[in-house]
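Reader: I am new to this structure and should like to go through it by question and answer. Please show me the sequence and the model.

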Amino acid sequence: MDLPTYAFQRSHYWLPKAHVSGDAEGLGLSNTGHPLLTAALPMAEGGSVVLTGRVGRGAQSWVADHQVGGVVLLPGTAFVELAVRAGDEVGCGRVEELTLQAPLILPERGGVRLQVVVEGPDATGGRPVAVHSRPDDGDTWTLHATGLLTEPGKVPADDAGIWPPADAERIELTGFYEGLADRGYHYGNAFRGLTSAWRHGSDLLAEVALPEDNDAASYGIHPALLDAALHPALLDAAGPDDENVRLPFSFNGVELHASGAAAARVRIAWAGADTVALTLLDAAGHTVALVDGLVSRPVKGELGAAAGGNTLFHLDWKQTADATTAVPAGGGRWAVLQHTDADVPSALKGAAETVDTCADLDELIALMDAGTAVPDTVVLATAPTTAAVDDGLAGAVHRRTADALATAQRWLADERFAGSRLVCVTRGAVSVAGDAVTDLPGAALWGLMRSAQAEHPGRFALVDIDDSVASWDVLAEAAASGHGQLALRTGMRLAPVLAAAGSAPEDAPDVRLDAGTVLVTGGTGTLGGLVARHLVTRHGVRRLLLTSRRGRDADGAAELVADLTAAGATHVTVAACDTADHAALADVLAGFGDDNPLSGVVHAAGVTEDGTVGGLTPEQLGRVLRPKVDAAVNLHRLTHHMNLAAFVLFSSFSGVLGSAGQANYASANAFLDALAQHRRALGLPGVSLAWGLWEQSSGITARLDRGDLARGNRAGVRALTTEQALALFDRGLTADRALLVPVALDQRALAARAVTEPVPQLFRDLVRVPARRIAAAPAGTGGQDGPSLAERLAAEPAEKRDALLLDVVRGHAATVLGHGSPGTVGAETGFLDQGFDSLTAVELRNRLALESGLRLPATVIFDYPTPTALARYLGEELSVADGTDTRAAEEGRVRRALSAIPLNRLREAGVLDTLVRLAGLETVDAAVGAPAADGDSGGTAEGDGTAGIDDMDLDDLLRLAENDQ
């Protein structure tokens, strides 16, 4: 094997060794020898002590065997054990009381940091204790338990009587843990410790043991052993038909008298309807532990809330900081594209020097061609479409979004608008504080334009207005305020933000889906299949109707039906049905009625066909809208008279946030969000779940590559585990909101992003933006504060400026591509050859525009196809911007200006032939490329060179570049 002729590339992934001791004492702490609490720190004042440690599925494998309600959580007995160990540290060996505040869900990857705080003694000598946790990748501590530690009592006398008593009645345990699994307690081997049980009068007796590979000696009492000691109580706590999951709520009078037990005899005495007292003995009758009282209670919604952590949000609308103060409209020239019966120009009086009114953007462009100055602000006022869900609604959504797409593309294609802003004004397209959505097609427009905003920051704005005079009075101020998205309600300016959804209310009604058939569209797909299984195993649904385009011919359909049947489903129908076809869906639903009810609908069908706004075709838009929008309208119309328990729409976070490259998908999903709100206004069930990324690969996400995932991580969005997502699905069923956003947000990543770039308005209430000044950012990081790129260039010697700019370009390119180092980006290698596509090209443009302060075209990497060329261009533009442009920079500007002028305009001006001769070419065809030999025009209109690269969007340029390679 030959060695490569180039130098080896090395990437270092390990941190350099720190010159500190690896144990707690080397860090100024005390070693505890405990598996979960490894270090203790006595505080200098007040007598308090802090014990710290970490728990995770990888570090402590036994915790993964404790799964309740579909999630892995630290057992309540572990909190008791932590409190006992903390009490030992301060000489208070009795846990007088310990109340559990919130469950601790353990993530699938990584771990959770623990902190147990023992306060100084109170007036009675007792010491308050609290247990907190924080995920490895989080910055927020959660309080899980609070209590009081006191001095222990006397050691109880031994109980050396006959075990079990002769009159005890043995309890058959065959199938015990399988039965618990049906009720939501999915215990693995470590927690299946109940080996024998008896009834003795009103008491329960049991024997429990840990598996042989346990580490009991490391604990005071192993949490799995103590948890197993509670299992006999589940025999009597509820009948077999009780579906509630009961978990420990409070412990009272807990004392540990022997440590390291791997097995125990247990006596359980009932002290109330939900309270038991426990005594644990060893084989010789010596007391291992006592619990005077353990109170359990049913949980409803809390596990789902904890499983998601900060993963379930709702869309809130809050007054902006300038909501009650006048915002200067900024003067300048305005234009209104009048598509509504409202008198928009009158609302802008006094806000501008001039206001031109045009029917559409083409008319405005014609005025500009005739000499009218380019407006600073253009208002697109669209006419609201009635919310009545009739035969024409789906078509209205298609037309409205297609018109908006065409306008956005025309806007972006004309470089004269590069310094202007297009403000889309709708009426009743968004729901604020629960008010009704009266313009459903307008909601789809919002989704599309949110993606346009993500791709082209600062070029678009959205304003939704009510009919109040006060709101129309502030329309000009709102349009000029700089906010990307606003709702005007009675004159107040409101901006959308994400807010934690919180737990389900205590009086939230149960949603029973097992009384009939549940329809799942996209039911044979990955997510549809997961939901179908969950409906059977968690909700007891026995009849399912799964629809998809291929029906039983879909990959994995037969296996899915077999799995559902094995899990308990009695009737599973898989139908080949295009749910966007009203007649086809009506045929499938024709048999449902009072005798055969449909109890719920889960609309999980959908497709993606990504593309940037500039390159998206009407056909791509329609193909993505159809399975979402048309199908949802049909489902609503065909089931509105049925007494459904649930109507769940699978939407996407892209419709709420706006996702670059997914304007069509965002548009479709924003419509679903509005439809759910419309249904609620009609008194019908409806919830739209605007999902973030699922960890489970599906047909929609299977194409995501490393760059896509890296882009999501930089944006602060992580993947939901399947168990998290299904728990959030359950919460959505009982939530009193039409729109919920289940998304795993990495608040630490968002905070880091806030240091280097503006945080999207949607995250403003979730991220603490540093108030202090940020140190000057290194090249390629794009810091918001510190010296600007132009200032950094000015501070460098002239001979070093090119290298600085190249570092900036390569740094951002490496980040966009998900590379670990700027050195992996070739300085002279084409961007396309290094893996850039239309979406990453837009992201690189946006990052460089933010850092440089320049307005850069979306096609900049095609105009300057290597990092070196792009860096040189940035240098020229920055030198022009600060007034120090050289002759070369001026020449570059002229060349770019000429290349941007369509050839037909040069011909009309009478200068085309002169320019061709100066270029040393004989014909125009030689300048633009002759038609292909096979008759293809080579990308020019009629092959005469009158249209070319300047008429191409970003995706067209990519295709052209790929064909040339």
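Reader: At the start of H7, which residue has its backbone nitrogen within 3.2 Å of a side-chain oxygen of Asp360?

Author: The model is predicted, so local features need pLDDT of at least 70 and side-chain atom pairs count only at pLDDT 80 or more, while totals for chains, interfaces and linings use all residues. Residues are numbered from 1 along each chain as its sequence is written, and side-chain values use heavy atoms, with hydrogens and water left out. A polar contact is a pair of N or O atoms within 3.5 Å; within protein, one must be able to donate a hydrogen and the other to accept it, and residues adjacent in sequence count only if both atoms are side-chain atoms. At the start of H7, the side-chain oxygen of Asp360 comes to within 3.2 Å of the backbone nitrogen of Asp362.

Reader: How are the buried residues of H7 placed around its axis, and what arc do they cover?

Author: Helices (H or I, at least four residues) and strands (E, at least two) are DSSP runs, numbered from the N terminus. Helix H7 spans residues 361-369, and in this helix Leu361, Leu364, Ile365 and Met368 are buried, where buried means under 20% relative accessible area, exposed over 50% and partly exposed in between (1.4 Å probe, protein chains only). The arc is that of the directions from the helix axis to the C-beta atoms. These residues lie on the same side of H7 because they cover an arc of only 100°.

Reader: Which residue follows H7 with a positive phi, and what is the value?

Author: Most residues other than glycine have a negative phi. The residue that follows H7 is a glycine, Gly371, and its phi is positive, near 120°.

Reader: Where does Ala433 lie, and is it buried or exposed?

Author: Ala433 lies in the loop between strand S22 (421-426) and helix H9 (440-455). Its phi is positive, about 55°, although it is not a glycine. At a relative accessibility of 83%, Ala433 is exposed.

Reader: Which helix gives the most residues to the largest nonpolar core?

Author: A nonpolar core is a set of buried Ala, Val, Leu, Ile, Met, Phe, Trp, Tyr and Cys residues joined through side-chain atoms within 4.5 Å. The largest has 78 residues, of which Leu98, Leu278 and Leu280 touch the most other members. With eight residues, the helix that gives the most to this core is H1 (residues 76-90).

Reader: Is Thr287 buried or exposed?

Author: Thr287 belongs to strand S17 (residues 287-299). Contact means heavy atoms within 4.5 Å; leaving aside neighbours within four places in sequence, Thr287 is in contact with Pro156, Ala157, His257, Ala258, Leu280 and Leu281. With a relative accessible area of 8%, Thr287 is buried.

Reader: Which strands stand at the edges of the open sheet of three strands?

Author: Two strands pair if DSSP finds at least two bridges between them. The sheet has the order S5-S4-S11, with antiparallel pairing. Each edge strand has a single partner strand, so one side of each is left without a neighbour in the sheet; these are S5 (71-72) and S11 (185-187).

Reader: Which residue in S11 stands opposite His66?

Author: Strand S4 (residues 66-68) and S11 run antiparallel and are joined by three bridges. Opposite His66, in S11, stands Tyr187.

Reader: What is the omega of the peptide bond from Trp163 to Pro164?

Author: Most peptide bonds are trans. Pro164 is found in the loop between strand S9 (142-150) and strand S10 (169-170). The bond from Trp163 to Pro164 is cis, with omega near -10°.
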